[in-house]
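Me: I'd like a close look at one part of this model. Could you walk me through the second largest cavity and then say a bit about the chain around it?

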Amino acid sequence: KSFYDCELTFLTKQEILLAHKRFTELVAKEDRNDPSPRVPMSKILTLPELKSNPFRKRICHVFSTSESKDGSLTFEDFLDLLSAFSDSATLEIKSHYAFRIFDFDDDGTLDRGDLEKLVNCLTGETDDTRLTPEEMKQLINNILEESDIDKDGTVNLSEFQHVISRSPDFVSSFKIVL
Amino acid sequence: MLTLFYHRKHLQWGHERQNWTMEQWKKVAWSDESHFLLDHVDDWVCVCHLPAEEMAAGCTMGRRQAGRGSVMLWAMFCWETLGPGIYVDVTLTHTTYLKIAADHVHPFMCTVCKNSSCLGVSGSLIPADAESFRCFRESQEFVEKYEGALGKGKGRKLYAYKVMMMKKWMKFQRDFENFRTACIPWEMKIKEIESHFGSSVASYFIFLRWMYGMNMILFGLTFGLVMVPEALMGRPYGSMPRKTVPRSEQAGAMDFAVLWDFGGYAQYSVLFYGYYNNQRAIGWLKFRMPLSYFLVGVGTVAYSYMVVIRTMARNANRDGGGDDTSFNFSWKMFTSWDYLIGNPETADNKFASITTSFKESIVEEQESHKDENIHLTRFLRVLANFLVLCCLAGSGYLIYFVVRRSQKFALEGLENYGWWERNEVNMVMSLLGMFCPMLFDVISSLENYHPRIALQWQLGRIFALFLGNLYTFIIALMDEINLKRREEEVVKYNMTVWQASLYNGTVDDNSTTSTIPVDPADVPRGPCWETMVGQEFVRLIVSDTMTTYITLLIGDFLRAVFVRFFNYCWCWDLEYGFPSYSEFDVSGNVLGLIFNQGMIWMGAFYAPCLPALNVLRLHVSMYLQCWAVMCCNVPQERVFKASGSNNFYMAMLLVILFLSTLPAIYTIVSIPPSFDCGPFSGKKRMYDVIQETLENDFPLWFGKVFSYASNPGLVLPFILVMILAIYYLQSTSKTYKAANMDLKKKLQTQNEENKKKNKRAALKAEAELEEARNAVMDGERNYIHPNGQLLSRIPPPCGSADRPPAPRGSEMAGYLPGNPRQPGPRRQRSTNSHRY
C-alpha cells in the first residue's frame, strides 16, 4: 500500500494550535525546555473534557507511547487522541480505538472480565447504582449472545466493528472536542 | 504535520541503512538539481563544502529551489556511470519532480542495474526505492490532485477559497443546529427527569411540550385573526346592544365572583362569540370579520388534524422501518456513554440513566421469558374487566342523574340554589375523573400484565370513562341549547312589542329600524346560546384545571411532606409501607391532557379565548408538574420503556379530535345562529357566510364553478374515488409490509448460515493449526509420557494468541502510525507487506 492510505490526522490547523496551547499549560515548569515533554497521566486527567469520563484512564493508556506503560502522553500522543475523537475521524478509526479502550486487559479481545469492568464503569462509582451480580450475569450473557458470532465467549475486533457499524449514535457520541 | 511525517520517515530510512557496506552503496544512484543564474545576481550566495565539513547553522539562510530567470539542471549518476542530465524549464514543483523521476530515473535504473536492487537517492527530501517506482505514478496523480492543498501550483488559490467556504458553511450549519436545539424549551428539565425516572415519565412531558407547541399555533390563529381585528377595528364596547352589559346585570358586572364565572364584563368582550358584530367588512382594511371567524374555526381543526397525522406518520416511520433490535444490549453497552459530557452533575445523571436503561432492558428480557399459569390469570383478567364495566356503568348513570337534576334546577331558576347546585355537573365530572382512575389502577393489579400492556389497558379504560362523561355533558348542553332557542322565539316576539311601545303607535312588522335613540343597555336581549355554550366549556376547563392542581398539591406534595416529617413519630415505616411516596401517574395525566385538548377543540368555535387559556394552563402545568415530579415522586419500581406508547397517545388524540369536532360541526350545520349576537346573526345558517363571500367578493365565474363543484352529482363520485384510493393504498401497504417481513426473515436465515459457516471455518482452522503444531512437535521432539503414550496434543493456550483472524474478506482495519500492533501470529497474506 502507498503512503497515503491513511490520513495523519483528522484535526484542522486551528484545532492543533489549540491543542498545543492546552497541552503546554499542563506541562510542568521544569519540563518546559524539553523538546518533547511528557505529561503524566494525573495531569491529563485534570482536563475538564476527560475529568468526568468513566474511561479516562483507559484512554490515557491506549494513546500513551511510553515504555513504562504509565499512561503519560507526549504532544503527539495527545494529538493522536484528539484526532481519533474528532468529528471527521472515520468509523473504522473510532471503532478500532473504542475496542482498544474497552479491552481492559489488553489481550486483543473483550472477554467476560472486560465486559464486567465495562458495565461497572458505566453504572457509576457509587454502590447503589451498581447492578446486582445476577443482573450483571444476565446482561453479559445477552451481550455475548448478540455480538459473539463464533461463540468462543469473547468479542474480537471484527465482531465489535460489525456491531458498532450498525449503531446510529456511536459516531456522534464518541467525540471529544476541546 | 507533513514535514514531521517526512522527518520521521527519513530518520527511519537512515537508521536502517547506517551499517551498509561499500558494495551496497555502489548500487545507489545519486541525483540533485541545481540552478544557474544567467542574467543577474541575486542575494543568495552558494557555497561548496568538503565532505567532512558541515554547514554552520548560523551562517546559512536555508535552501532554495529554482526559478526566476535562471536555468535549472537536474542530473544523476551512480558508481558505474553518469546518468541523464535534464534541463527543467518549469518551476520544480512536486509534480514535475515526480514526472522527472518517473520518466527518467526508472529507465536509467533499469539500464544500469540488471536486477532490481538498486537505490536512488536525491538531493531533496523524497527517498526513492527501486521497488516502489510504480508508486511514483500513483504519487504523481495524488499530488496533482492535491496540489492546491499542498500550497503549491496553480489551483492553490481556488482550492483554498473552496476549502474556506466549505469550512465556513459547515461551521454555520453546526451553529444553526446548536441554536435550534437550544431554542427547544424545557430541554434540560426533561433530560433531568428522563435520567431519574426513565423514559415513560419523560414521554409524558415530551407530549406536554408538543401539545404546548400546537396550542401556541392555535392561539396565534385565533388571537391574530379573530380577537385582535375585532378589538382594534370593530365597534367599541357600548356602541351596540350585543356589546353592552344589559341594564339588569350592570350592578354586579364587575364582581370577582361574576367574573370568575365568566359573566359580567368577561361575557361581553372579545372572549366570547356573542360580542362579535355581523358587519361584513370592518375597518379601513375591509377585514371580513364573519368570514375570518368561520375560516379560523375550520382552520384550527384542519391544522390539528394535519399535525396529529403527520406526527403519527413520523413516529410510525421511526419505529417500524430500519430499527434493528438485534443489538440492543451491545449498543447500550458500547455506545451509550456520551464522551462530550464534561460536567460532573451531568455525568451523574448519565450514569443514573444508563443504569435505569440497563435495568429496563433486563426486565423486558425477563418478561419475555416468564411462564404463566394460564387459567388463573385468565379468570382474574375477566373478573377485572367485569368490575371495570360496573364502574363505568355506575359513573355514566351518576352523570345522567346529576344532569337531570341540574335541568330541574334550571327550570326552577338558579338563583334559589347555592354554589354546589349551580356547579354540580362540573364538580361531579371532575371528581369522577379523579377517583375512577385510582379505582381502575387497583383493579388492574389483579391482571398481572407486563407494565406497558397494563398501561395501555389503563389508558383504554380511562378513555372510555372520559368519553362517557363528555358525551353526557354534550347531551346536557344540547338540551340547554334547545331551551335557549325556545326562549329566543319568545324574546323575538317581545322585541316587536317593545319596539311598538317605543313608537306608541301601530305595530308594523316590516320595519325594524328605530329613529328614537335608545341606550344599548336597555334593549331586550336574546339568550344567545352560543355564548352560553362557550361559557360552559370555559367553566369546565377552569374547574378541571383547578381540580388537577389541587389533587397534585394534596395527593403528592402534602403526602410527601407528611411521610417525610411524620416518619419519625409514627408506628410503622411510612416510607416503605402505606402511604409512602407517590409514583407519577403517567396514564392519568396523559388522558387528562388529551381530554382537555378535546374540550378546547369543541369549544374553540364559540369561545375564541379557549386556546389562549389553554396555552396559559399548559405553561403553568409544565413548571408545576416538573417541580412536583422531582420533589415528591419516586421512580417506579418496575421501570420499562414506553417506546410504543408514543403512537398510542397520538392515536387517542386523533380519535378525540374526531369525536370533539362532531358536535361542533353538527351545531354549525343544523342550528340557526342567534338573531342578535355573534358574527353570523341574521343568517339562516352559519355556513351561509361562504356563499355570501363568493357572491360578493369573487368574480362571477368563480361562484358558478363552486356551485358546480358542490353539486351532489359531482361530490358523490368524488367520495367514491377517495374510498377506492384508500382501499388501494391500504392493500399496497399490506403487500409492502409482507415484503418487509420476508426480507427480514431472509436476513435472519442468512445470518444463521453465516454463523454456522464461520463456526465451521473456525473449527477447521483450529484443527489445521493443531495439525501444524503436532507436525512441528513431532519433528522437534518426541514427547513420551511416563506411561509410554506419545502425547499428541498440547491443549492450546487461551487468549488471542492462537486464534486465527476472523475471515472478513480483506485485511483488518488500519493502524495509525506510531502505534504498536497487537501481538500474535498472523497468516502471511500477500498484501500484508508494506506497512512502513
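**The second largest cavity**

Reply: Sure. Keep in mind that this is a predicted model. H16(B) is the top contributor to the lining of the second largest cavity, giving 4 residues. Helix H16 covers 451-503 of chain B, and two other helices of that chain, H17 (529-566) and H20 (645-670), also supply at least two lining residues each.

Going along the sequence, the lining takes in Ile474(B), Leu477(B), Met478(B) and Ile481(B), then Val533(B) and Phe537(B), then Met602(B) and Tyr606(B), and finally Pro663(B), Ala664(B) and Thr667(B). Sorted by class, that makes 10 nonpolar residues and 1 polar one, with no charged residues in the lining. The space inside comes to about 120 Å³, and the structure as a whole has 7 cavities of 30 Å³ or more.

Now for the chain around it. Chain B has 23 helices and 7 strands. It runs to 836 residues, of which 36% count as buried. If you take its contacts between residues at least 6 apart in sequence, 74% of them join residues at least 24 apart. As for the outside, chain B has an accessible surface of about 50,600 Å², with 63% of that belonging to carbon and sulfur atoms.

One word on confidence, this time for chain A: its mean pLDDT is 83, and 93% of its residues reach 70 or more. Residues 1-6 of chain A fall below 50, and that stretch has 8 contacts in the model beyond near neighbours in sequence. Where pLDDT is low, the predicted coordinates shouldn't be read in detail.

Technical notes
Residues are numbered from 1 along each chain as its sequence is written. Chains are lettered from A and ligands numbered from 1 in the order in which they are written. This is a predicted model: local features need pLDDT of at least 70, side-chain atom pairs count only at pLDDT 80 or more; totals for chains, interfaces and linings use all residues. Side-chain values use heavy atoms; hydrogens and water are left out. On a 1 Å grid over the protein atoms alone, a cavity is a set of points where a 1.4 Å probe fits but cannot get out, and a pocket is an open set with protein on both sides within 12 Å along at least five of seven lines; lining residues have an atom within 4 Å of a point. Grid points are joined across faces, edges and corners, and a volume is the space filled by probe spheres set on the points. Ala, Val, Leu, Ile, Met, Phe, Trp, Tyr, Cys and Pro count as nonpolar, Asp, Glu, Lys and Arg as charged, and the others, Gly among them, as polar. pLDDT is the predictor's confidence in each residue, from 0 to 100. Contact means heavy atoms within 4.5 Å. Buried means under 20% relative accessible area, exposed over 50%, partly exposed in between (1.4 Å probe, protein chains only). Accessible areas come from the Shrake-Rupley method with a 1.4 Å probe; for residues, only the protein chains shown count as cover.
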